[in-house]
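Welcome! Please take a moment to look at the sequence and the model, and then we can walk through them together.

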Amino acid sequence: MRPILPINKSEILKRYKPINPNTHKGIQGHALLIGGSYGKIGAISLASKACLKTGCGLVSVFVPRCGYKIIQTAVPEVMVLNDVSVKYITRIVFDFVPNAIGIGPGMGQDIETHTALHRFVKTNKVPLVIDADGLNILSQNKQWLTFLPEKTIFTPHQKELERLIGQWDSIADKIEKTIAFSKQNNLIMVMKGAPTFIIDGDTIYENTTGNAALATAGTGDVLTGMITSLLAQSYDPIDAAILGVYLHGLTADIALPETGYQSFIASDCIANIGKAYLSLEK
Ligand SMILES: NC(=O)C1=CN([C@@H]2O[C@H](COP(=O)(O)OP(=O)(O)OC[C@H]3O[C@@H](n4cnc5c(N)ncnc54)[C@H](O)[C@@H]3O)[C@@H](O)[C@H]2O)[C@@H](O)CC1
Ligand SMILES: Nc1ncnc2c1ncn2[C@@H]1O[C@H](COP(=O)(O)OP(=O)(O)O)[C@@H](O)[C@H]1O
Ligand SMILES: [Mg+2]
């Protein structure tokens, strides 16, 4: 049996960096979130709002043209960049250097989006979080994994993980296969579930926050925005993954007495990020 390190409050307090009173938005991190497609702009909208609410100074979003007005209206604090295509992403272009990029939520798997992702990963050097369709496309093109910056963070749910590493026959086998995948590609694997495990090479962490209220659409998109935000705020990739997963689970634990399991939605996660942070200061 391999040792498993619990992610609890004392572990978090070793990694959490309280705000510097003299900070400003220009040094508080600029994150870029890339994703969305016709009918799934909500996913990247949730990710971008969660990114802001986790403390990033500036957040930009790259979406297909159908997402422009939606994001500008739903999250006015976010800056929006457009693809040339209306319904899905075909060519990822931006003229600044973000501190971190999160890619994949709601992005879809059109063949032109495959090409756009290929071009993007071949040139990108910015710290990266990859989720959802970003992972689905990579699992069909594993030779592209060599292009990723070291310690890129993957956030697969169970089905996405299976597409990446293949089937497993026990929990132990699943963990061993994920460790092998993490080591082979120098990645941090956030294995979402109940509970969520984080794997960084041979090291396994187990989160202690969160509950079944999170079993609702969009909570994974929120997590992507939160981890990307922390990465943009200069947390090391492993600390961004650990702190992001812990705070994300805590939002559901804080909300539960008011929402119950059934009426909790992904926006309730975002609404409780502030209280989750405040609980670290107590
Ligand atoms: N409002 C929005 O715009 C939303 C868009 N979304 C986007 O929709 C696209 C498809 O994502 P999905 O995850 O729905 O589809 P996937 O096909 O990737 O995964 C869902 C399938 O996996 C199965 N599954 C098995 N174990 C699971 C587990 N532990 N957790 C989750 N699923 C498990 C489900 O039963 C289902 O068959 C992604 O781009 C995603 O980002 C979703 O995030 C939902 C919200
Ligand atoms: N029963 C559960 N207990 C704790 N966490 C859960 C549970 N079900 C789902 N989650 C969490 O909710 C999130 C769901 O992510 P994901 O499946 O990607 O959703 P979506 O793609 O709809 O945003 C993950 O962080 C996962 O760990
Ligand atoms: Mg998801």
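**Around ligand 2**

The shell of residues around ligand 2 is made up of seven nonpolar, eight polar and two charged residues. Keep in mind as you look that this is a predicted model. Of the 17 residues that surround ligand 2, those that come nearest are His157, Ala194, Leu214, Ala215 and Gly220. Which helix gives the largest share of this shell? That is helix 8, spanning residues 219–232, with four residues.

Now step back to the chain. According to an unreviewed UniProt entry, residues 8–280 carry the annotation "domain: YjeF C-terminal". Over this stretch, helix accounts for 45% of the chain and strand for 14%. If you look for the C-alpha atoms at its two ends, you will find them 11 Å apart.

The unreviewed UniProt entry also marks a "binding site", which covers Lys192, Gly193, Ala194, Pro195, Thr196 and Gly220. These residues are spread over 29 residues of sequence, yet they cluster in space, with a largest C-alpha distance of 13.6 Å. Two names may look familiar here: Ala194 and Gly220 are also among the residues that come nearest to ligand 2.

Let us end with two neighbours from that site. Gly193 sits in the loop that links strand 8 (187–191) to strand 9 (197–200), and the loop between strand 8 and strand 9 is also the place of Ala194. Are they buried or exposed? Gly193 counts as partly exposed because 15 other C-beta atoms lie within 10 Å. Ala194 has 11 C-beta neighbours inside 10 Å, so Ala194 is classed as exposed; the cut-off for exposed is 12 or fewer.

How values were computed
Residues are numbered from 1 along each chain as its sequence is written. Chains are lettered from A and ligands numbered from 1 in the order in which they are written. This is a predicted model: local features need pLDDT of at least 70, side-chain atom pairs count only at pLDDT 80 or more; totals for chains, interfaces and linings use all residues. UniProt positions are given in the numbering used here, feature names are shortened, and annotations may be inferred rather than shown by experiment. A residue is near a molecule or strand if its C-beta atom, placed from the backbone, lies within 6 Å of it. Ala, Val, Leu, Ile, Met, Phe, Trp, Tyr, Cys and Pro count as nonpolar, Asp, Glu, Lys and Arg as charged, and the others, Gly among them, as polar. A residue is buried if 20 or more other C-beta atoms lie within 10 Å of its own, exposed if 12 or fewer, and partly exposed in between; C-beta atoms are placed from the backbone.
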